[in-house]
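This report looks at a single protein chain, beginning with a record entry and moving on to charged side chains.

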Amino acid sequence: MRYDICRRLSRLAQPCAVASMLSYLSRVAGGCVPPQHRQQSLLPLIDDRVVCATTELARMAGCWAVLLPSALLVWIVCCNWVLIMSVDAGSPYGANMTDLMRHVQFFDEDRDGLLTIPESTKGFIAIGLTPAFALSLATATHAAFGPLTTPPGKLPSINIYVSHIHGAVHPSDSGAIDKKGNFVPKKFERIFQKFSHSEEDALSWLEIEAMLVANRDFLRPLSWPEAETEWQLIHMLGKDRHGYLHKDTLRGVYDGTVFPKMRDHTIDPHARHSDA
């Protein structure tokens, strides 16, 4: 009996039942319904008007049982996405730095992700170039690579954006850096396997020149002088006293780890392998 009354009262949530109940109560208040018939008249009204309430509530409960886990999953994914975006936004280099980004990071003095000509000039001087040569090299480098590294939606600039440095990757090179700026170990090893003949794990200038000629893209002849200039600079800075560019030095050039050592004079490539 108690359960039956509770069940019937729970059905009062339907709007049609509420309207009927208000009408019935107004008639009771006006004396239209005798006292002895009030209870008998109330219970059928509840039964007849609100039968769909329980079914509707059950249907809604079933929907929430399906929707709640899905909503929770979407919320977790969105929170993770916001976290990743906040990390990316907080670092001018993004969440994952490539070897090519590390290569140029040395020259980004204020670590704002943007290389200017004065910063590059100071960096070139720090690793051993004369001020006049450093300025001319920095100017030429920025004029060539600045527009190529400008992010989409920005006007072309002579400043170099570290986050988009992969835009400066060009053909007719060794291939040890891919189009995304990542280091490719197999192609790096292939340089020495194919062209290192006079000394183990080292390259003379003639061997570097042979590599550049072999790797030239004949459909992109404008890329030839770019590769030639870069490798002349690498060889000039990294060669030992006998004129050899050694494997470990070249690896440090690719990821930029050799530049701080040159600046701090903790490594002198020109003095290495002096007894070879």
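Which residues does UniProt list for "transmembrane region"? The unreviewed UniProt entry gives residues 64-84 and 124-145 under that name; UniProt positions follow the numbering used here, feature names are shortened, and annotations may be inferred rather than shown by experiment.

The model is predicted, and local features need pLDDT of at least 70, side-chain atom pairs count only at pLDDT 80 or more, while totals for chains, interfaces and linings use all residues. Residues are numbered from 1 along each chain as its sequence is written, and side-chain values use heavy atoms, with hydrogens and water left out.

Over residues 124-145 the chain is 82% helix and 0% strand, with the end C-alpha atoms 16 Å apart. Helices (H or I, at least four residues) and strands (E, at least two) are DSSP runs, numbered from the N terminus.

**Salt bridges**

Side chains of opposite charge can pair when their charged atoms come close. A salt bridge here is a side-chain nitrogen of Lys or Arg within 4 Å of a carboxyl oxygen of Asp or Glu, and by this rule the count comes to five salt bridges. The table shows some of them, with the N to O distance for each pair.

| Pair | N to O distance |
|---|---|
| D99 and R251 | 3.6 Å |
| E109 and K122 | 2.8 Å |
| K247 and E189 | 2.6 Å |

**The surroundings of D99**

D99 forms a salt bridge with R251. Because D99 lies in helix α5 and R251 in helix α11 (residues 247-255), the pair ties together parts that are 152 residues apart in sequence. Helix α5 itself covers residues 99-105. D99 is buried, with a relative accessible area of 13%, whereas R251 is partly exposed at 25% (buried means under 20% relative accessible area, exposed over 50%, and partly exposed in between, with a 1.4 Å probe and protein chains only). Leaving aside neighbours within four places in sequence, D99 is in contact (heavy atoms within 4.5 Å) with I177, G181, F183, R251, Y254 and D255.

**The other pairs**

The side chains of E109 and K122 also meet in a salt bridge. E109 lies in the loop between α5 and β1 (114-115) and K122 in helix α6 (residues 117-126), so this pair ties together parts that are 13 residues apart in sequence. E109 counts as exposed at 51% relative accessibility, and K122 as partly exposed at 45%.

K247 and E189 likewise meet through their side chains in a salt bridge. This pair links distant parts of the chain, with K247 in helix α11 and E189 in helix α8 (residues 185-195), 58 residues apart. E189 counts as partly exposed, at 31% relative accessibility. Finally, salt bridges that share partners join D99, R251 and D255 into one network.
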